[in-house]
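Please look through the model shown here, taking its helices, strands and ring pairs one after another.

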Amino acid sequence: MKTIPSLRCLRALVAVAEHGSVLAAAEALHLSQPAVSRAIRDLEKLLDLVLFERHHSGMHCTEAGQLVAHRCRRVLHQFTRTERQLAQLKHKGNFQHLAQRLSLRHLRVLVTLTETRNERQAARRLALTQPTISASLRHLEGQMSTQLFMRTQRGLITTPAGSILTRHTKLALREIALLWDDITTWRGRIQGRVIIGALPLTSSLLVPRAVDALLREHPGLDITVHEATYDVLFEALRNGEIDVLVGVLHCIDPEEEMTQEILFQDRLAAVAGPRHPLVDSTDLALENLLDWPWIAPPRGTPARHSFDQQFNTLGITPPVPVVEAGNLGVIRELLRDNHRLALISPYQAHYEVHDGYLAYLPLQLQGPPRVIGLTRHEDSAPSLALRTLYDTIMTISSSLLDPPK
């Protein structure tokens, strides 16, 4: 990660941008004019940008200044959310004005301790000494007047307050990373890191095609694709570890400040090995297939719920699967040379069917479709790289409105 500006500088920038002068900003922040001026100069030097036009009538943001001010507001907003959520815990502590009292450098220690659960490993990762790590943690807990970690045999475990602070610190640090991407783009080069969370039915076709198209247009981007269950990916999205989640949409608490965009609706298809005796049938009904050996997604997963719904819609008790599996490669091998059956999204099984490893059964399922879309943080101005990613996924998905068979 590039150099992290101080929260003092970010607060000064936002205040001057909103009030139009150093004097008014100093009064709003309860700081001296020299302190605010010095913070602006430090930030301009760090970013190598002129952020304000100085006039006798006041200070006005340059184009670059407006860009930076927007992202700084996003950073500071995470501390407002932290204060609100900590207050809901009803724990004792000093949870007000966190952006004025905390240091991003100390908060990076908090994030690293959460990930490593060990002071020695955190020190090694950050190239600091263990006493420095311990001192940073004591400083944070002293500033907040609350415990952030519990020491257990499994290592350091965050308290509820520590978990909330860590989550929003990760989001704030991600916003700062996007700030550097914004600046690079403003200077004429679209670079930066884009992190995509892909659920299984989008990781086979939609996401790879979108990534390929994005890299052809902007080869300087660094793209990472994470595959996991919905719960794991949504938690990563909440923490700012991924930028967008592509897959089945779920109901989300408004407090999460997420937005969702529908891409298409997905209906499951019955699949089997290419030499399965039912492949050449002409009249199949789901209720007549209960005695065949079935492969189903793991119990308790959204995919298993969709599997069961196909039978429940017809008033049929779902069959007990002979195997529970969610990995497409495993399912393919379990189906290919035997009489087992499975229900899979055509978007997920496209290449397996196209290459002859699997075959669709002539069976029209009646269960409800799944809504596929994008889930991401609310943001009035995402980085250009992210906007391009969203547009590319939307464009690619529009060509997949008819299930690929």
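Is Phe311 buried or exposed? In this predicted model, Phe311 has a relative accessible area of 0%, and because buried means under 20%, Phe311 counts as buried. Phe307 is likewise buried, with a relative accessible area of 1%, and these two residues both lie in helix α13, four residues apart, which is about one turn of the helix. An α-helix has 3.6 residues a turn, so residues three or four places apart point the same way.

A search of the whole structure finds five aromatic pairs. One of them joins Trp294 to Phe307 in an edge-to-face arrangement, with 5.9 Å from centre to centre and 75° between the planes. This pair links distant parts of the chain, since Trp294 belongs to strand β10 (residues 294-296) and Phe307 to helix α13 (residues 302-312), 13 residues apart. Trp294 is buried, as is Phe307. The rings of Phe307 and Phe311 have centres 5.3 Å apart and planes at 50°, so this pair is tilted. Ring pairs thus connect Trp294, Phe307 and Phe311 into a cluster.

Turning to helix α3 (residues 33-47), its 15 residues should span 21 Å at 1.5 Å a residue, and its end C-alpha atoms are indeed 21 Å apart, which agrees. Among the buried residues of α3 are Ala35, Val36, Ile40 and Leu43, and the buried residues of this helix pack against α1, α2, β1, α4 and α9. Just after α3, Asp48 takes a positive phi of about 55°.

Strand β1 (residues 52-55) pairs with strand β2 (residues 58-61) in the antiparallel sense over four bridges, and a hairpin joins β1 to β2 through two residues.

Technical notes. Residues are numbered from 1 along each chain as its sequence is written. This is a predicted model: local features need pLDDT of at least 70, side-chain atom pairs count only at pLDDT 80 or more; totals for chains, interfaces and linings use all residues. Side-chain values use heavy atoms; hydrogens and water are left out. Two strands pair if DSSP finds at least two bridges between them. The expected span of a helix is 1.5 Å times one less than its number of residues. Buried means under 20% relative accessible area, exposed over 50%, partly exposed in between (1.4 Å probe, protein chains only). Contact means heavy atoms within 4.5 Å. Rings of Phe, Tyr and Trp (its six-membered ring) pair if their centres lie within 6.5 Å; planes under 30 degrees apart count as stacked, over 60 as edge-to-face and the rest as tilted.
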